Protein chains: 2
Amino acid sequence: MIETEAQARAADAADPLRNFRDRFVLPDGVIYLDGNSLGPLPRATRERLDAALRHEWGEGLIRSWNDADWIAAPARVGGKIARLIGAAPNEVVAADSTSVNLFKLLSAAVRARPGRGVILTEAGNFPTDLYIAQGVAESIPGAEVRALPREEVFDAIDSDVAVVMLTHVHYKTAARWDMAEITARAHAAGALMLWDLSHSAGAVAVDLRACDADLAVGCGYKYLNGGPGAPAFLFVAQPLQDGLSSPLSGWMGHASAFDFSDDYQPADGIQRFLCGTPPVLGLTALEVGVDIALEADMADLARKSAALWNLFAARIDVRLAGYGFELISPRDPAARGSHISLSHPEGYRIMQALIARGVIGDFRDPDVLRFGLTPLYLGHEDVWRAVEILHSVMRDEAWRKQAERAPGRVT
Amino acid sequence: MIETEAQARAADAADPLRNFRDRFVLPDGVIYLDGNSLGPLPRATRERLDAALRHEWGEGLIRSWNDADWIAAPARVGGKIARLIGAAPNEVVAADSTSVNLFKLLSAAVRARPGRGVILTEAGNFPTDLYIAQGVAESIPGAEVRALPREEVFDAIDSDVAVVMLTHVHYKTAARWDMAEITARAHAAGALMLWDLSHSAGAVAVDLRACDADLAVGCGYKYLNGGPGAPAFLFVAQPLQDGLSSPLSGWMGHASAFDFSDDYQPADGIQRFLCGTPPVLGLTALEVGVDIALEADMADLARKSAALWNLFAARIDVRLAGYGFELISPRDPAARGSHISLSHPEGYRIMQALIARGVIGDFRDPDVLRFGLTPLYLGHEDVWRAVEILHSVMRDEAWRKQAERAPGRVT
């Protein structure tokens with residue numbers, strides 16, 4: 001139990017992951033608690049990307065599709081991500097955005113379950129998941145989205161459901177679904193199960209195979225540290241691959257893309273879920289982030305994530321009692337992800353004041369302050385100091401000097 | 001009329017675009033005639049991308065969505081591309097891949113023309129265009145793809161056609177459609193017109209507004225020099241925008257993405273055709289290439305493209321007669337793009353031998369040698385020497401020493 005700042009520093013000195021911090025650029029004077037939204041720049045990325053520009057694009061030019069194996073980048077990077085989420089290498093590709101990948105897999109799933117039209121999900125799921133599901137439902141006759149309150153989802157998995165789509169760790173509250181339990185229930189009802197791992201991959205333990213999951217998507221720019229708008233990934237369990245087809249039938253998913261034939265013939269296996277030409281620069285940056293995550297022991301990450309979280313919660317209890325905050329994330333480590341969220345009626349202005357003092361978290365409507373406690377590069381001292389600074393913001397009433405929220409800003 | 005290498009050099013010295021060559025990395029010993037497939041690295045890209053890594057991602061972190069205006073990058077870069085293709089800034093966004101953008105616009109177009117199901121196109125169009133059209137047709141009841149020989153397309157535009165989808169400049173032959181003529185015919189039949197500008201934008205004059213075009217897509221990594229797998233672009237004529245809806249209803253196309261509401265409400269205008277989080281690193285590199293193209297006078301580019309092409313064709317007539325080549329590109333400048341294609345039964349091995357001697361073109365099944373004659377950074381002397389080297393390959397029978405084509409290689 002850490003009760004002093006010195007103890008927090010001692011915990012960092014004993015942390016088996018302590019050397020990962022130096023692998024990232026963390027600006028002076030900043031405690032960065034927003035890695036759940038955009039991971040920081042790995043130190044190796046600049047050199048790697050510059051080498052790709054100079055040698056692969058600049059010198060190699062078109063030859064680099066073969067010589068630098070650009071053509072295999074989606075499968076290669078996907079195969080590495082697979083190791084972080086308990087999948088086989090031939091079950092994951094890195095490509096497109098999370099939204100586009102969701103469209104591919106949801107469309108394929110609904111079409112694979114004729115006679116069932118329901119995409120079952122949680123109200124308040126990450127918006128793009130809901131929006132894409134609505135787009136899929138509108139484009140398939142008889143399909144519909146059923147978005148229910150979280151506590152009603154489990155019992156609503158019935159024989160009308162084609163696919164259950166849930167975000168493993170909730171973007172706002174960090175509440176984590178029991179992946180094995182929900183997946184088993186979906187299968188018992190004859191439905192497919194799709195997990196959005198955007199707030200899980202690289203942060204909490206995920207074992208898709210052990211849970212017998214069918215489909216998954218996830219984000220490259222949060223805990224995988226792939227850079228702003230990094231390519232996303234998708235997972236399709238191997239036994240399902242050849243029975244599903246992506247409506248986004250682009251040439252990279254063709255059985256023989258370079259035969260340039262007129263008729264689409266999907267590739268065998270995971271390759272059929274690719275669409276257009278791979279974004280090589282984005283994949284290059286993403287691979288650097290994934291490679292670092294692969295060096296860490298996943299059990300160490302999960303343990304440290306829980307320790308940072310517990311310390312943050314304990315310090316809030318001690319230092320912020322009476323200031324009107326409410327913890328909206330679950331306290332049970334098995335039931336939460338790697339960020340912690342508080343609600344406060346003045347959440348927006350408090351977060352602005354906190355950022356002005358160097359602690360970067362983010363705000364989510366209507367009243368949520370989110371803090372990402374990423375185990376790879378944050379320490380116990382960071383967490384200690386962040387809560388002290390939040391306390392100083394409240395004590396000084398610094399937030400009262402902040403402007404109201406400007407519309408249209410990314411927050 | 002250029003009849004000596006000295007005259008070719010003199011033409012380069014008098015070329016108003018001659019200074020653009022130094023803006024690109026062109027490796028020693030290489031004559032790069034594949035800019036129609038992957039444009040070369042602009043010299044400014046390394047520094048610009050490194051600054052984005054260091055300052056925007058590294059230092060700015062999440063704040064750069066506002067402070068570096070990442071959030072506006074699709075519209076900003078799209079607005080610049082608009083100037084190259086005769087569109088208004090609010091009619092173009094840079095996003096996703098050409099294939100994904102085709103899916104958005106083709107789906108929207110077919111749904112906007114109820115009672116008509118035909119996507120009319122050319123057999124032998126670029127494969128991903130055909131494949132995506134097939135995917136769209138399979139996902140909309142009553143829709144079908146009609147792919148006809150080129151010479152039959154015009155007369156087949158009838159009242160069954162929802163959308164005519166053509167590639168302005170053919171990827172293989174460089175044959176160029178008369179954009180105004182076909183678009184007028186499509187409108188007369190009540191159909192929408194979608195142009196793929198992948199082999200046009202930045203290379204030949206395009207004036208979408210003057211032609212009254214409805215929809216267009218195009219590629220960022222060819223003549224726009226945006227890098228391997230660069231983001232693509234899409235165009236929707238302003239009056240049509242609010243009447244069309246993209247099935248890829250991701251959060252970046254939402255009217256208020258950062259309200260995080262549960263229901264999809266498309267943004268007004270071109271923004272609704274965005275889907276997921278923008279690929280910032282790719283957009284950053286693409287913008288460098290687009291900025292350079294904007295510095296050139298489009299009339300100069302078109303004039304020089306024609307001059308390089310005419311020189312290449314004239315030198316082939318002189319130097320390669322009797323070697324079994326056939327010119328498959330149109331000789332009329334108004335009826336072609338900026339690459340030139342020859343067929344030869346041993347095309348694959350000839351191209352390999354040519355590449356081994358430093359002239360990089362590419363091969364397309366079954367027998368086509370393609371040479372991109374990009375006016376921005378190539379000169380008349382490059383063209384002269386390339387044909388001399390091709391002559392040497394044929395004279396020495398160097399191609400006979402090349403291996404047969406290996407399956408699965410990018411060619």
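Colleague: Which residues touch the most other members of the largest nonpolar core?

Modeller: Keep in mind that we are looking at a predicted model. In soluble globular proteins, nonpolar side chains tend to be buried together. Here the largest nonpolar core holds 276 residues. The members that touch the most others are Leu106(A), Ile119(A), Leu106(B) and Ile119(B).

Colleague: Nice start! Which residues does Leu106(B) touch, not counting residues up to four places away in sequence?

Modeller: Leu106(B) is one of the core members that touch the most others. With residues up to four places away in sequence left out, its contacts are Ile119(B), Ile132(B), Ala133(B), Val136(B), Val163(B), Met165(B) and Leu194(B).

Colleague: Let's move to helix α11 of chain A. How far apart are its end C-alpha atoms?

Modeller: Helix α11(A) covers residues 298-319, which is 22 residues. At 1.5 Å a residue, the helix should span 32 Å. The model agrees with that, as the end C-alpha atoms are separated by 31 Å.

Colleague: Where do the buried residues of α11(A) sit, seen down the axis?

Modeller: The buried residues are Leu301(A), Lys304(A), Ser305(A), Leu308(A), Trp309(A), Leu311(A), Phe312(A) and Arg315(A). Seen down the axis, they fall within an arc of 160°, so they line one face of the helix. On the other side, Ala299(A), Asp317(A) and Val318(A) are exposed. The answer, then, is that the buried residues sit on one face of α11(A), within an arc of 160°.

Colleague: And which elements do those buried residues pack against?

Modeller: The partners belong to chain A, just as the helix does. The buried residues of α11(A) pack against β10 (339-343), β13 (368-372) and α13 (380-395).

Colleague: One of those is β13(A). Which strands stand at the edges of its sheet?

Modeller: In chain A, an open sheet of 4 strands runs in the order β9-β10-β13-β12, with antiparallel pairing. A strand at the edge has a single partner, so one of its sides is left without a neighbour in the sheet. At one edge, β12(A) is joined to β13(A) by 3 bridges, and Arg364(A) stands opposite Val368(A). The edge strands are β9 (326-327) and β12 of chain A.

Colleague: Over in chain B, which residues of β8 point one way and which the other way?

Modeller: In a regular strand the side chains alternate between the two faces of the sheet. Strand β8(B), residues 232-236, is mostly covered, with 5 of its 5 residues buried. One way point Ala232(B), Leu234(B) and Val236(B), and the other way point Phe233(B) and Phe235(B).

Colleague: Over how many bridges does β2(B) pair with β8(B)?

Modeller: Strand β2(B), residues 92-95, runs antiparallel to β8(B). As one example, Ala95(B) has Ala232(B) as its bridge partner. Another strand, β7(B), also pairs with β8(B) in the antiparallel sense, and there Leu215(B) stands opposite Val236(B). For β2(B) and β8(B), the number of bridges is 4.

Colleague: Now the two chains together. Which element gives the largest share of the side of chain A that touches chain B?

Modeller: The contact involves 72 residues of chain A and 72 residues of chain B. Elements of chain A that each supply at least two residues include α5 (98-111), α6 (127-139) and α10 (280-295). By residue kind, this side of chain A divides into 38 nonpolar, 22 polar and 12 charged. The largest share, 9 residues, comes from α2(A).

Colleague: Lys222(A) caught my eye. Is it buried or exposed?

Modeller: Lys222(A) lies in the loop between β7 and β8 of chain A. Its contacts include Gly35(A), Asn36(A), Ser198(A) and His199(A). A residue needs 20 or more other C-beta atoms within 10 Å to count as buried. Lys222(A) has 29 such neighbours, so it is buried.

Colleague: What kind of peptide bond joins Asp365(A) and Pro366(A)?

Modeller: Most residues other than glycine have a negative phi, and most peptide bonds are trans. Pro366(A) lies in the loop between β12 and β13 of chain A. With omega at about -5°, the bond from Asp365(A) to Pro366(A) is cis.

Colleague: Last one: what is the phi of Asn225(B)?

Modeller: Asn225(B) is in the loop between β7 and β8 of chain B. This residue is buried, with 30 other C-beta atoms within 10 Å. Its phi is positive although the residue is not glycine, and the value is near 60°.

Conventions. Residues numbered from 1 in each chain as written. Chains lettered and ligands numbered in written order. Predicted model: local features only at pLDDT ≥ 70, side-chain atom pairs only at ≥ 80, totals over all residues. Core = buried A, V, L, I, M, F, W, Y, C linked by C-beta atoms within 7 Å. Buried ≥ 20, exposed ≤ 12 C-beta atoms within 10 Å, placed from the backbone. Contact = placed C-beta atoms within 7 Å. Expected span 1.5 Å × (residues − 1). Arc of directions from axis to C-beta. Pairing = 2+ DSSP bridges. Nonpolar A, V, L, I, M, F, W, Y, C, P; charged D, E, K, R; others polar.
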